[in-house]
Amino acid sequence: TTGQRISETGITEIGAVKLKGSQVVDRFDRLVNPGRPIPSYVAQLTGISDAMVADAPSIDEVLPDFEAFARGGVLVAHNAAFDAALLDHHARRIFGRPLGLPCVCTLKLARRRMPELERASLDSLRDHFGIDAGNGSRHRALADAEITAEVKNAPAADAITKAYQEVGALIHARATANRDFHGMGTTCTTL
């Protein structure tokens, strides 16, 4: 993103992995032209420059593809409330409604379920569970999504795995009650 205020922030990249159980079955990775300059601190952190996104599609073109990719799933992200609010902000403008994806925040889960950790950053969780950083660039959307999936699948991540199962039960209960997620906005859950 180009900043931290939802109404003033442009999206520079969307990256996601789709899991079936613990297996990655699909990936979504798109650069996005944010329609504004990328601040230098963001370019340094992510490695995404104005030149890289100059010819990239706008969020108006990318979000419909992401919605199709994510439909029926759960948005799992580190600091998910920000990601969900930003996606919903753009979805309201583009579709006239929020995405309405249920979501789980690994940052809040780690803080609540793993108080023994000094820090709950994605890097701290990766180190705690012994997850290989791989070749992906940290702070790039797909690389962060892959690390988040590995955190979910880590053998020692019992507290996080249990929370995912509880969220799955909540989602099933909502679906059984015929509730439409699209009208609700994206709801982040911390158990």
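Here a biologist questions a modeller about the core, the aromatic rings and the strands of a predicted model.

Biologist: What makes Phe28 count as buried?

Modeller: Its relative accessibility is 5%. Buried means under 20%, so Phe28 qualifies.

Biologist: And Phe66, buried or exposed?

Modeller: Buried: Phe66 has a relative accessible area of 4%, and the cut-off is under 20%.

Biologist: Why are Phe28 and Phe66 called an aromatic pair, and why edge-to-face?

Modeller: A pair of aromatic rings is described by the distance of the centres and the angle of the planes. For Phe28 and Phe66 the centres are 5.5 Å apart. The limit is within 6.5 Å, so the two rings pair. Their planes stand at 70°. Over 60 degrees counts as edge-to-face, so that is the label for Phe28 and Phe66.

Biologist: How do you know that the pair links distant parts of the chain?

Modeller: Phe28 is in strand E2, residues 23-31. Phe66 is in helix H3. They are 38 residues apart.

Biologist: Which residues form the aromatic cluster?

Modeller: Phe28, Phe66 and Phe69 make up one cluster. A search of the whole structure gives three aromatic pairs.

Biologist: What makes you say that Lys18 lies over the face of Phe69?

Modeller: Lys18 is 4.7 Å from the ring centre of Phe69. The distance limit is within 6 Å. Lys18 is listed as lying over the face.

Biologist: Which residues have the most contacts inside the largest nonpolar core?

Modeller: Ile14, Leu63, Phe66 and Leu87, in a core of 33 residues. Several elements supply at least two residues each, including strand E1 (13-20), helix H4 (80-95) and helix H7 (141-153). H3 gives the most, with six residues.

Biologist: What does Leu87 touch, leaving aside its neighbours within four places in sequence?

Modeller: Leu87 is in contact with Ile11, Ile14, Leu63, Phe66, Leu75 and Leu99. Apart from the largest core lies another, of five residues. Among them are Ile38, Val42, Val53 and Ala56.

Biologist: How do you know that both faces of E4 are covered?

Modeller: In a regular strand the side chains alternate between the two faces of the sheet. In E4, Pro102 and Val104 are on one side, Cys103 and Cys105 on the other. All four of these residues are buried.

Biologist: Why do you say that E3 and E4 pair?

Modeller: They share three bridges, in the parallel sense. Pairing needs at least two bridges, so E3 and E4 meet the requirement. Leu75 has Cys103 in E4 as its bridge partner. The chain crosses from E3 through H4 to E4, a right-handed β-α-β crossover.

Note on methods:
Residues numbered from 1 in each chain as written. Predicted model: local features only at pLDDT ≥ 70, side-chain atom pairs only at ≥ 80, totals over all residues. Heavy atoms only, no water. Core = buried A, V, L, I, M, F, W, Y, C linked by side-chain atoms within 4.5 Å. Buried < 20%, exposed > 50% of the residue type's maximum accessible area, 1.4 Å probe, protein only. Helix = DSSP H or I, 4+ residues; strand = E, 2+ residues; numbered from the N terminus. Contact = heavy atoms within 4.5 Å. Phe/Tyr/Trp six-rings, centres within 6.5 Å; stacked < 30°, edge-to-face > 60°. Lys NZ or Arg CZ within 6 Å of the ring centre and 35° of its normal. Right-handed = clockwise from strand over helix to strand, strands pointing away.
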